[in-house]
Amino acid sequence: KKVGRFGITTARGPSCDEIDTTIRQLYQIDPPPNTAAIAAIIYMFVEPDHRNQNIGALALDVISAIHTVQGVDFTVLVADDNGSGGLVRWYE
């Protein structure tokens, strides 16, 4: 029985100016431009009957482990909500 669906990138990619700026602001480090290895969480969904059981947290741990093995420095969450901000607030 499925409890959720999760989509992630399976290969690391280069950073970009926006991500480098965020890294500098959040972590007070200054990596050379576009050198941080980045991977992404494209989507996460837990079936309603299985929510509030820490399945999302477990999925994040597994995704983090996969990205660590791939040599990823940072994982980003892609939250495309067409500008409303609602999806971004939900993930926060």
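**Strand pairing**

I looked up strand 2 (residues 13-14) and found that this strand and strand 3 pair in the antiparallel sense, with two bridges. Within that pairing, proline 14 is opposite alanine 37 of strand 3. The model is a predicted one, and I read the pairings with that in mind.

I then went to strand 1 (residues 4-8). Its pairing with strand 3 is antiparallel as well, over five bridges. I noted glycine 7, whose bridge partner in strand 3 is tyrosine 43.

Next I checked strand 4 (residues 74-77). Strand 3 and strand 4 run parallel and share four bridges. One position I wrote down is alanine 39, which has threonine 75 as its bridge partner in strand 4.

**Strand 3 and burial**

How many of the 10 residues of strand 3 are buried? I counted seven, so strand 3 (residues 37-46) is largely enclosed by the rest of the structure. For the chain as a whole, I have 25% of the 92 residues as buried.

**Connection from strand 3 to strand 4**

I traced the path from strand 3 through helix 2 (residues 55-69) to strand 4 and recorded a β-α-β unit. Its hand is right-handed. The full order of elements from the N terminus is β-β-α-β-α-β-α, which I logged as three helices and four strands.

**Second largest pocket**

I turned to the second largest pocket, where the space comes to about 170 Å³. Which element gives the most to its lining? Helix 1 does, with six residues. Helix 1 (17-27) and strand 4 each supply at least two lining residues. I listed the lining as Glu18, Ile19, Thr22, Ile23, Leu26, Tyr27, Phe74, Thr75 and Val76. By class I have six nonpolar, two polar and one charged. Thr75 thus appears twice in my notes, as a lining residue of this pocket and as the bridge partner of alanine 39.

**Confidence and extent**

I looked up the confidence last. The mean pLDDT of the chain is 88, and 91% of the residues reach 70 or more. Among the elements, helix 2 has the highest mean pLDDT, 94, and helix 3 (residues 86-91) the lowest, 66. Where pLDDT is low, predicted coordinates should not be read in detail. I therefore leave the detail of that last helix unread.

For the overall extent, I noted that the C-alpha atoms fill a box of roughly 45 × 35 × 20 Å along the principal axes.

Conventions: Residues numbered from 1 in each chain as written. Predicted model: local features only at pLDDT ≥ 70, side-chain atom pairs only at ≥ 80, totals over all residues. Heavy atoms only, no water. Buried < 20%, exposed > 50% of the residue type's maximum accessible area, 1.4 Å probe, protein only. Pairing = 2+ DSSP bridges. Right-handed = clockwise from strand over helix to strand, strands pointing away. 1 Å grid on protein atoms, 1.4 Å probe; cavity = no way out; pocket = protein on both sides within 12 Å on 5 of 7 lines; lining within 4 Å. Points joined across faces, edges and corners; volume = space filled by probe spheres on them. Nonpolar A, V, L, I, M, F, W, Y, C, P; charged D, E, K, R; others polar. pLDDT = per-residue confidence, 0-100.
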